[in-house]
Amino acid sequence: MSTAILNAKGIHKAYKMGRGEVSVLRGASLRVEEGEFVVIMGSSGSGKSTLLHMLGALDKPDRGQVEFRGQSVFDQSKPIRNHYRNQDVGFVFQFYHLLPELNVLENIAIPRLVYHSFFGWRAAKRKSFAEAREMLERVGLAEREKHRPSELSGGEMQRVAIARALLNRPALLLADEPTGNLDAKIGTEVLAMLQEFNDAGQTIVMVTHDGCVAEKAHRTVRLTDGVIQADSGTRSGSKSKSGSEAGDHRRGDSGDKPKTEVV
Amino acid sequence: MYKWFLAWRYLHTKMIAFFGIASVMLCVAMVLVVLSVMGGFLDTVRNRSRGLHSEIVMNSHSMQGFPYYDEFSQYLAKKLPDVIRATTPVLSTYGLYRDPAYQQTGPTQVLGIQLDDYVKVNSFGDGLHYQKYFPGTTHLGPQQMPVAGMAMDHTLTLPPDLEEANMRWRKSETDQSLIDRFESAPFEITSPEFPVFAVKGERQFATRVGLPGYVGPERNGIIMGCDIINIRRPDGNFDRTIARGANIVLTLMPLGPTGNPTGEPAAKLHLRYADDSRTGIYDIDRMMVYVDFDLLQSVLGMDSRQLVDGNFTKPRANQLLIDLDDGVDMDVAKDQIALAWIDFQENEIPLDLDSSEQMSLYKVQVLTWEDMQRDFIQAVEKEKVLVTILFSLISLVAVVLVGCIFYMIVEKKTKDIGILKAVGASGRGIAGLFIAYAAAVGVFGSILGLAVGCAFVWNINDIQDWLAWLNPNLRVWSPDIYSFDKIPETVKQADAAWVGVIAIISSMIGSLIPAYAAAKVWPVKALRYE
């Protein structure tokens with residue numbers, strides 16, 4: 001039986017523009033399996049990022065449901081939604097969105113700082129920074145931990161953003177054009193890194209308009225006129241390994257083989 | 001945890017935070033300076049006002065005075081022995097004084113006092129100038145002019161009792177600097193024919209050669225308000241223009257028992273300048289002179305006089321000052337004394353008083369010193385409240401300014417808010433971050449403001465001297481106007497604590513609206529903000 005980690009049903013979203021409204025999403029639906037690497041493609045302004053924001057509970061749909069492991073995200077209370085953003089989802093943005101006042105290590109540790117209370121942090125500080133260092137090593141920036149974001153290149157900042165997104169070992173990584181602001185070489189490196197995490201069992205949903213990037217995914221869906229139109233197949237050697245075989249780093253990973261499905 | 005962590009980080013990495021701290025600091029310093037100076041001013045006014053009277057004053061509200069004051073004193077001593085410590089009657093009238101040496105005439109208010117008792121019920125004795133240097137030499141009884149003598153070696157010797165008093169003073173004086181100042185005072189011969197010596201800034205006439213002593217006919221003493229005959233220097237000290245024992249003429253208008261002038265010619269009293277008094281309140285020190293109670297009572301016709309029917313009038317006084325025992329509540333004592341006065345009138349006074357006497361008794365009021373000086377104290381109190389309100393309004397500007405600064409910070413940090421929310425921060429947590437940030441700005445601003453405010457208040461007189469040195473017109477505190485030599489320079493701990501706490505709370509209030517706005521925003525809206 002397939003295990004849907006995420007199930008978005010009939011998402012509608014419109015924005016007010018002057019006196020009128022622009023309908024961005026008109027009933028978009030997407031089902032993502034555990035361990036899957038799904039790419040959402042579409043032209044500029046098609047609503048890809050908007051859909052991703054709904055999936056990560058960064059924005060609220062006008063209509064429709066987003067279910068995470070069978071639980072509706074938007075029917076939950078605010079604290080549970082905050083917990084969902086903190087523990088279940090990691091977000092990577094096109095423009096990195098690092099906090100300029102914090103150094104690299106602190107930026108990675110920020111989800112833990114947000115999670116813990118003043119007193120809880122005292123107990124968790126050492127472990128949190130150790131794990132943040134570990135993530136920093138995994139993204140290959142161990143020697144840059146004291147540097148400020150302004151002292152990093154775009155690729156390095158995106159690596160830090162990925163490390164931050166994955167620190168709490170979320171079940172789902174949502175990436176909004178993570179290579180969109182990088183040159184081809186660096187973009188490829190970042191993509192390879194994401195692929196590596198996926199191989200380790202990380203479920204990833206990524207938004208891009210770059211066809212080459214989409215080739216790396218198990219499955220590509222296209223967003224046109226506010227709805228998901230088509231599935232464009234899988235990458236070669238698609239998700240054949242279970243998470244545990246690849247050195248799973250996630251929490252509560254089922255390790256089931258993914259099944260692609262266009263809803 | 002991130003709230004404190006980021007608040008601290010924002011605090012020392014954001015230039016705008018320093019503007020917030022600076023505005024809080026300036027407001028705290030400003031309000032503290034105003035509160036301390038005005039509070040100190042009020043305290044000084046109260047203390048000096050308190051020193052003018054006794055704790056309780058029975059006031060006749062008429063120059064005509066009231067009889068039976070002496071009998072009531074004795075009645076009170078028996079009736080309320082645990083309440084009353086001392087009583088003394090006072091006469092009050094108006095007259096003209098003349099300083100023949102300087103050809104100076106002016107209006108004056110004349111108090112008739114029993115000096116030995118009067119100094120027991122208030123702090124009048126502390127303001128007597130010569131009494132301070134020559135204890136026991138100031139009195140209002142008959143006296144001659146004390147004259148310093150010049151020995152053959154041109155050193156100055158004081159009259160025998162002044163010398164003795166001087167020695168006594170030197171032995172008892174604990175403040176060595178006062179003695180040193182006296183020792184170093186110049187003795188200078190200003191004229192070989194008629195030598196005048198300057199002693200501690202005052203002039204003392206001296207016999208050319210010979211023993212010091214006293215000259216002239218005996219005359220009753222008069223204590224003058226220090227601003228009547230002396231010239232006040234900007235530093236608050238005085239240039240004394242006449243010698244102790246100099247002749248002062250006082251012209252008075254006697255009043256009969258009915259309150260009408262007796263028709264006798266104005267009484268002219270030749271007195272000797274015995275001392276000058278400094279109460280610290282300019283209006284009093286430039287108007288008031290003090291003479292012997294019995295002398296004034298007699299001159300004014302307020303003593304016991306025989307009437308045509310052979311009876312005698314009762315002596316009258318204008319006030320009866322009543323000093324209370326330690327620990328006695330002033331307001332309770334006031335009520336007790338007022339009741340005692342009613343009892344006294346009903347039981348102890350003959351029933352056949354004439355109407356003017358009855359009226360004069362009826363008009364007597366029992367007041368506390370605060371009642372007596374209410375107008376004066378209330379004016380200063382109201383001034384303090386007014387100035388504090390004005391400066392608090394200015395401080396409100398600081399709250400609005402902090403609000404603006406935080407609004408700008410929130411605007412600038414909108415993307416951070418989006419990032420933090422994207423990693424799970426709650427709206428309440430985000431609001432808490434900005435309120436914690438504001439609290440940190442408030443705490444640092446308050447600490448610095450209190451430090452600056454205290455430093456300013458503690459050195460306010462030096463600062464004024466420095467300003468006056470730059471430009472004399474910048475001297476804002478003139479003792480002529482405020483009657484105190486110095487600007488109050490004490491900071492009350494409670495004032496400082498309140499100002500600091502209110503500044504911190506105000507800073508937090510200033511951040512509430514932006515913090516609330518930050519809490520409400522959806523993460524994606526914040527992230528898209530440019």
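**Note on the contact between chains A and B, and on the sheet of chain A**

1. In this predicted model, 31 residues of chain A and 25 residues of chain B are in contact with each other. Putting the two chains together buries about 2,400 Å². Carbon and sulfur atoms give 68% of that area. On the chain B side, the residues that lose the most area to chain A are Met1(B), Val423(B) and Trp522(B). Together these three make up 27% of what that side buries.

2. Charged and polar pairs also occur between the chains. The count of salt bridges between chain B and chain A is two. One salt bridge joins Lys413(B) to Glu101(A), with 2.7 Å between the closest N and O atoms. Polar contacts between chain B and chain A come to five residue pairs, both residues being at pLDDT 80 or more.

3. Which helices of chain B each supply at least two residues of the side that touches chain A? They are helix H1 (2–13), helix H15 (414–422) and helix H20 (523–528). The largest share comes from H1(B), with seven residues. By residue type, the side of chain B that touches chain A divides into 15 nonpolar, seven charged and three polar residues.

4. Turning to chain A, four of its strands form an open sheet in the order E2-E1-E4-E5, and their pairing is antiparallel. Strand E2 (20–33) and strand E5 (71–72) of chain A are the edge strands, each pairing on one side only.

5. The pairing at the E5(A) edge can be followed residue by residue. Strand E4 of chain A covers residues 63–68, and two bridges join this strand to E5(A). The two strands run antiparallel. Within this pairing, Phe68(A) stands opposite Gln71(A) of E5(A).

6. A helix is packed on this part of chain A. Helix H1 of chain A, residues 48–55, lies across E1, E2 and E4 of chain A. The angle between this helix and E1(A), which spans residues 4–17, is about 125 degrees.

7. Over all chains, the count of salt bridges comes to 26. One of them is formed by the side chains of Glu67(A) and Lys9(A), at 3.1 Å from N to O. Why does this pair tie together parts that are 58 residues apart in sequence? Glu67(A) lies in strand E4 of chain A, whereas Lys9(A) lies in strand E1 of chain A, so the salt bridge links those two parts.

Conventions
Residues numbered from 1 in each chain as written. Chains lettered and ligands numbered in written order. Predicted model: local features only at pLDDT ≥ 70, side-chain atom pairs only at ≥ 80, totals over all residues. Heavy atoms only, no water. Contact = heavy atoms within 4.5 Å. Buried area = accessible area lost by both parts, 1.4 Å probe. Salt bridge = Lys/Arg side-chain N within 4 Å of Asp/Glu carboxyl O. Polar contact = N/O pair within 3.5 Å; in protein donor to acceptor, adjacent residues only side chain to side chain. Nonpolar A, V, L, I, M, F, W, Y, C, P; charged D, E, K, R; others polar. Pairing = 2+ DSSP bridges. Axes fitted to C-alpha atoms, helices over the stretch in contact; angles between N-to-C directions.
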